[in-house]
Amino acid sequence: KSLEYIHSLRLASDAVMVSAKTVIKDNPRLDIRLNKNGIKGRISGKQYAKIVIDSGLSVPPDSKIFDTRGSVLIFTSGEYDKEKRLRKKLLKEKGAIVRDVYYNNIKENKFLDVREIFKICGGLNITSIMVEAGPKLFNSIVSEKLFDKLIFNFTPYMLGNETGLGLFEELRLKEKGILKFKELGIKKAADDFFAEYYPS
């Protein structure tokens with residue numbers, strides 16, 4: 001049920017964004033599998049982009065994201081050596097669009113400049129992006145307030161480490177005053193539930 005809801009969110013967006021670590025670790029398809037019977041069917045007609053934040057161009061060319069419908073847009077740093085240039089060539093041969101961006105200026109959270117990435121996406125007529133974020137990507141977007149809505153998926157499983165939830169460990173949320181929300185509501189999906197918020 002929760003997967004069905006997540007795929008419906010993808011369907012409502014122009015693109016899904018993940019980090020390279022997600023692609024390497026999970027090898028997801030990042031497609032839309034949703035129809036009137038649930039999540040087994042694939043949406044064949046929707047134009048859909050798969051965006052990967054990959055400063056080192058470490059995404060393997062045989063990743064499943066290249067096997068599904070939709071363009072693959074990879075953002076990387078402008079720093080190249082011989083090996084990275086070769087990886088870029090291989091990824092472009094797979095059909096990836098590779099764009100260079102600078103790092104942000106936040107010392108404690110060095111990450112590719114997501115603000116600039118969003119501007120580039122807008123120029124490509126990608127105006128709504130569902131970011132399925134791990135800790136670093138989440139922190140980069142939240143710390144710069146580059147989001148319109150947050151959806152937290154709570155499951156009956158505890159994730160993180162012995163010091164707390166890894167998702168939040170790089171942010172001093174209360175101290176920075178970043179996460180102040182107007183709650184939209186709670187959606188239940190089997191044993192999971194989704195809390196939806198707009199920033200206040």
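This passage walks through the sheet, the nonpolar cores and the aromatic contacts of a predicted model.

A good place to start is the open sheet, whose 5 strands run in the order β4-β3-β2-β1-β5 with parallel pairing. Its edges are formed by β4, at residues 97-101, and β5, at residues 129-131, each of which pairs on one side only. From one strand to the next, the twist averages 25°. Towards the β4 edge, β3 (residues 71-77) pairs with β4 in the parallel sense over 5 bridges; Leu73 has Ile97 of β4 as its bridge partner. Helix α5, spanning residues 135-143, packs on the sheet and touches β1 (15-19), β2 (49-53) and β5. The direction of α5 makes about 115° with that of β1.

Attention can now turn to the nonpolar interior. The largest nonpolar core holds 25 residues, and those touching the most other members are Ile51, Ile53, Phe75, Ile117, Cys121 and Leu137. At least two residues of this core come from each of β1, β2, β3, α4 (114-123), α5, β6 (150-154) and β8 (192-199). Leu137 offers a helpful close-up: leaving aside residues up to four places away in sequence, Leu137 touches Met17, Val18, Ser19, Ile53, Phe111, Val114 and Val131. Another core, of 19 residues, lies apart from the largest one and includes Val18, Leu30, Tyr80 and Val98. Tyr80 has a charged companion as well, with the charged end of Lys84 sitting over the Tyr80 ring, 4.5 Å from its centre.

The aromatic residues round off the picture. The model contains 5 aromatic pairs. Phe152 and Phe154 make up a tilted pair, with 6.4 Å from centre to centre and 40° between the planes. Their surroundings can be read from relative accessibility: Phe152, at 14%, counts as buried because the value is under 20%, whereas Phe154, at 37%, counts as partly exposed because the value falls between 20% and 50%. Phe152 also pairs with Tyr197, and here the centres are 6.0 Å apart with the planes at 75°. This pair is edge-to-face because its angle is over 60 degrees. The contact links distant parts of the chain, as Phe152 belongs to strand β6 and Tyr197 to strand β8, 45 residues apart. Phe152, Phe154 and Tyr197 are joined by Phe138 and Phe193 in one aromatic cluster.

How values were computed:
Residues numbered from 1 in each chain as written. Predicted model: local features only at pLDDT ≥ 70, side-chain atom pairs only at ≥ 80, totals over all residues. Heavy atoms only, no water. Pairing = 2+ DSSP bridges. Helix = DSSP H or I, 4+ residues; strand = E, 2+ residues; numbered from the N terminus. Axes fitted to C-alpha atoms, helices over the stretch in contact; angles between N-to-C directions. Contact = heavy atoms within 4.5 Å. Core = buried A, V, L, I, M, F, W, Y, C linked by side-chain atoms within 4.5 Å. Buried < 20%, exposed > 50% of the residue type's maximum accessible area, 1.4 Å probe, protein only. Phe/Tyr/Trp six-rings, centres within 6.5 Å; stacked < 30°, edge-to-face > 60°. Lys NZ or Arg CZ within 6 Å of the ring centre and 35° of its normal.
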